[in-house]
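Trainee: Got a minute to go through this one with me? I'd like to start with the cysteines and then work inwards.
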Amino acid sequence: MLPIMVEQNPSKERLATLGVFDWPIWSCEVSDFTWSYDQREVCYLLEGRVVVTPGDGAPVELFAGDLVVFPAGMSCQWEVEKPVRKHYRLG
């Protein structure tokens, strides 16, 4: 399984090139839940802090300002420690 890829504080130019600010927004309050990715997801965290633990790997901490790629086929546990708002794109 491919790992979760995290790019911390990408430049505004990189975000603009990807079109991040045109993507939909998803938000979540403090919570724990299991999630599976049927398809690849790229997201940019606007707010929050979360620890994502893949079923076959080590925990990954995500913070506001991170650009993250979740691979298709990954199952994981989300622990939302501070409410999250993120732009996201599937596929």
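Trainee: How many disulfides does a search of the whole structure find?
Mentor: Zero. Keep in mind that this is a predicted model.
Trainee: Why is there no bond between Cys-43 and Cys-76?
Mentor: Because the sulfur of Cys-43 is 11 Å from the one in Cys-76, its closest cysteine sulfur, and that's too far for a bond. To count as a disulfide, the two sulfurs would have to be within 2.5 Å.
Trainee: And is Cys-43 buried or exposed?
Mentor: Buried, because its relative accessibility is 1%. Cys-76 is buried too, with a relative accessible area of 3%.
Trainee: Which residue is the bridge partner of Cys-43 in strand 6?
Mentor: Val-68. Val-68 is also the strand 6 bridge partner of Val-6.
Trainee: OK, so how do the strands themselves pair up there?
Mentor: Strand 1, residues 5–8, runs antiparallel to strand 6, with four bridges joining them. Strand 4 and strand 6 are antiparallel as well, again over four bridges.
Trainee: Is strand 6 largely enclosed or open, then?
Mentor: Largely enclosed by the rest of the structure, because four of its five residues are buried.
Trainee: Switching to the core. Which residues touch the most other members of the largest nonpolar one?
Mentor: That core has 15 residues, and the ones touching the most other members are Val-50, Val-52, Leu-62, Val-68, Phe-70 and Trp-78. Strand 4 (41–54), strand 6 (66–70) and strand 7 (75–90) each supply at least two residues of this core.
Trainee: What does Leu-62 touch, leaving out residues up to four places away in sequence?
Mentor: Val-6, Leu-45, Gly-48, Arg-49, Val-50, Val-52, Val-68 and Phe-70.
Trainee: And what's in the second core?
Mentor: The second core is separate and has six residues, among them Leu-15, Trp-23, Val-42 and Leu-67.
Trainee: New topic: Asp-32. Where is it found?
Mentor: In strand 3, which covers residues 31–36.
Trainee: Buried or exposed, that Asp-32?
Mentor: Exposed, because its relative accessibility is 56% and the cut-off for exposed is over 50%.
Trainee: Which residues is Asp-32 in contact with, leaving aside neighbours within four places in sequence?
Mentor: Gln-77, Trp-78, Glu-79 and Val-80. Trp-78 came up earlier, in the largest nonpolar core.
Trainee: How far apart are Asp-32 and Glu-79, in sequence and in space?
Mentor: They're 47 residues apart in sequence, and 4.5 Å apart in space, going C-alpha to C-alpha.

Key:
Residues numbered from 1 in each chain as written. Predicted model: local features only at pLDDT ≥ 70, side-chain atom pairs only at ≥ 80, totals over all residues. Heavy atoms only, no water. Core = buried A, V, L, I, M, F, W, Y, C linked by side-chain atoms within 4.5 Å. Buried < 20%, exposed > 50% of the residue type's maximum accessible area, 1.4 Å probe, protein only. Contact = heavy atoms within 4.5 Å. Pairing = 2+ DSSP bridges.
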